[in-house]
Protein chains: 2
Amino acid sequence: MTRDTPSTRDALIEAGLSLLIEGGPEGLTLRRAAARAGVSHAAPAHHFNGLPGLQTAIATRAFALFTETMIRHRDAAEPTPFARLLAICDGYLDFAAQRAGLFHVMFNCPDLDHTDAALQSESAKAYGVLREGCLPFSGGPDLVTEGLVWSSVHGYAMLDFKQDGRQMGEVPPPFRSLLARLVDPTLSADR
Amino acid sequence: MTRDTPSTRDALIEAGLSLLIEGGPEGLTLRRAAARAGVSHAAPAHHFNGLPGLQTAIATRAFALFTETMIRHRDAAEPTPFARLLAICDGYLDFAAQRAGLFHVMFNCPDLDHTDAALQSESAKAYGVLREGCLPFSGGPDLVTEGLVWSSVHGYAMLDFKQDGRQMGEVPPPFRSLLARLVDPTLSADR
DNA sequence: CGGTCAGCTTTACACTGTCAAGCTGCAACT
DNA sequence: AGTTGCAGCTTGACAGTGTAAAGCTGACCG
């Protein structure tokens, strides 16, 4: 494997992350990332496959941060299955709101390279946190429960924040009340 | 009210729609839409507030097509509450898959003008179809049921198609099985 | 008739992603 | 030791983007 000089490649990714955090979805630009990393505007081409390649690398890092956020929320929650799963979802929604630029690149960017192994690995880890949080409710892997929670929280994030609830006539109910209809909120803590 | 000459304004919107349908999310460009409408590249500025304004107008039309699709599916379904709601959701998912470019502008475009009255009206109509489909299950308006179905189908659309199921280890379950856990599939047809 | 102005064009500018050419310094090989 | 190869990077150029400014034109109105 041909290992890149870590500094420049990582500097570009870090620059892109900060641009997205500061400037939202539109903040990221190849040339801006290059400038912020202190290299010429054509340097990124030697580390990534154009802008889509840089976006893919940034999304990969962003998924890792995303996973961290969900885990941090989960581990701060009370040790009941419902509280833990709700905390994971709250982390999900928090990230979507606080890191809208990253969230956009991760999920709404039209030309990510979804065949990228690192991206697949990091996004699978993120999904794994949610999947694990669902386990107690089905007594084992259950694609319907997982898919339902995953879809719901993702859809809720998009509809809630990006359009601040205007689709629904009134303010949307808290996600807690949605989740309480998906899984048993009174499940005991002994797994 | 100052009514624009219908032809040019509508031609620009129609051109934008076709560009999005043919070229996906990236297909739309102010200059391309202008060229396809047979006007100069600066003409759109006299009808819309820049590119965001054109995108907003296009999204408004797209929401109308979206509503039509859901209604068409619903009206072709058997007259049970579950079959009708499932058909609405299938229309939703169909549109997301077949009209990915439009769907992207409607939901993932970072700079739509969400204060636009026409856009709000059309998107509210679309939501109304789903909301109405939910009514039989709660015996009246219920934000939790609506929010759950809306979030689920929207999240399912994003996760299913744009990333063709790679987040979930295996192929995702059909939406029907998800919906069957949200509402009562055996509800009788007499409202 | 004269003026106003919406609709449109032309021109220009800053910015984008990408490509081609060239430089440079390090590593490997003979 | 000398040469080659090449990864990393720069410079320069190009087509394409959104947008702003200036000017044209023809219809409407007082």
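**Entry 1. Chain A**

I counted the elements of chain A in this predicted model and found eight helices and zero strands. Helices here are DSSP runs of H or I with at least four residues, strands are runs of E with at least two, and both are numbered from the N terminus. Read from the N terminus, the order in chain A is α-α-α-α-α-α-α-α. The C-alpha trace of chain A spans about 55 × 45 × 25 Å along its principal axes.

Conventions I noted: residues are numbered from 1 along each chain as its sequence is written, and chains are lettered from A and ligands numbered from 1 in the order in which they are written. Because the model is predicted, local features need pLDDT of at least 70 and side-chain atom pairs count only at pLDDT 80 or more, while totals for chains, interfaces and linings use all residues; side-chain values use heavy atoms, with hydrogens and water left out.

**Entry 2. DNA strand C**

I looked up which residues lie near DNA strand C, where near means a heavy atom within 4 Å. There are 20 residues around DNA strand C, and A:Arg31, B:Thr8, B:Ser40, B:His46 and B:His47 are the closest. Sugar or phosphate supplies 47% of the strand C atoms within 4 Å of the protein, and bases supply the rest.

Next I listed polar contacts, that is, pairs of N or O atoms within 3.5 Å; within protein, one must be able to donate a hydrogen and the other to accept it, and residues adjacent in sequence count only if both atoms are side-chain atoms. The side chain of B:His47 places an N or O atom 2.4 Å from a phosphate oxygen of DNA strand C. B:His46 has a polar side-chain atom 2.9 Å from a base nitrogen of this strand. A:Leu51 uses a backbone N or O atom, 2.9 Å from a phosphate oxygen of DNA strand C. Helix H2 (30-37) and helix H3 (50-75) of chain A are the elements that give two or more residues to this surface.

I sorted the surface near DNA strand C by class and got seven nonpolar, nine polar and four charged residues. Nonpolar covers Ala, Val, Leu, Ile, Met, Phe, Trp, Tyr, Cys and Pro; charged covers Asp, Glu, Lys and Arg; the others, Gly among them, are polar.

**Entry 3. DNA strand D**

I repeated the search for DNA strand D. Of its 20 surrounding residues, A:Thr8, A:Ser40, A:His46, A:His47 and B:Arg31 come nearest. Sugar and phosphate make up 48% of the strand D atoms within 4 Å of the protein. A:His47 has a polar side-chain atom 2.3 Å from a phosphate oxygen of DNA strand D, and an N or O atom in the side chain of A:Thr8 is 2.5 Å from a phosphate oxygen. B:Arg31 has a polar side-chain atom 2.5 Å from a base nitrogen of DNA strand D. Here helix H2 (30-37) and helix H3 (50-75) of chain B give two or more residues to the surface.

**Entry 4. A helix pair in chain B**

I checked helix H4 (residues 81-98) against helix H6 (residues 117-138) of chain B: their axes come within 9 Å and cross at roughly 155°. Axes are lines fitted to C-alpha atoms, for helices over the stretch in contact, and angles run from 0 to 180 degrees between N-to-C directions. H4(B) is therefore roughly antiparallel to H6(B), the term for angles over 145 degrees. By class, their contact (heavy atoms within 4.5 Å) has 10 nonpolar, one polar and no charged residues.

Terms used
Parallel < 35°, antiparallel > 145°, perpendicular 65-115°, else oblique.
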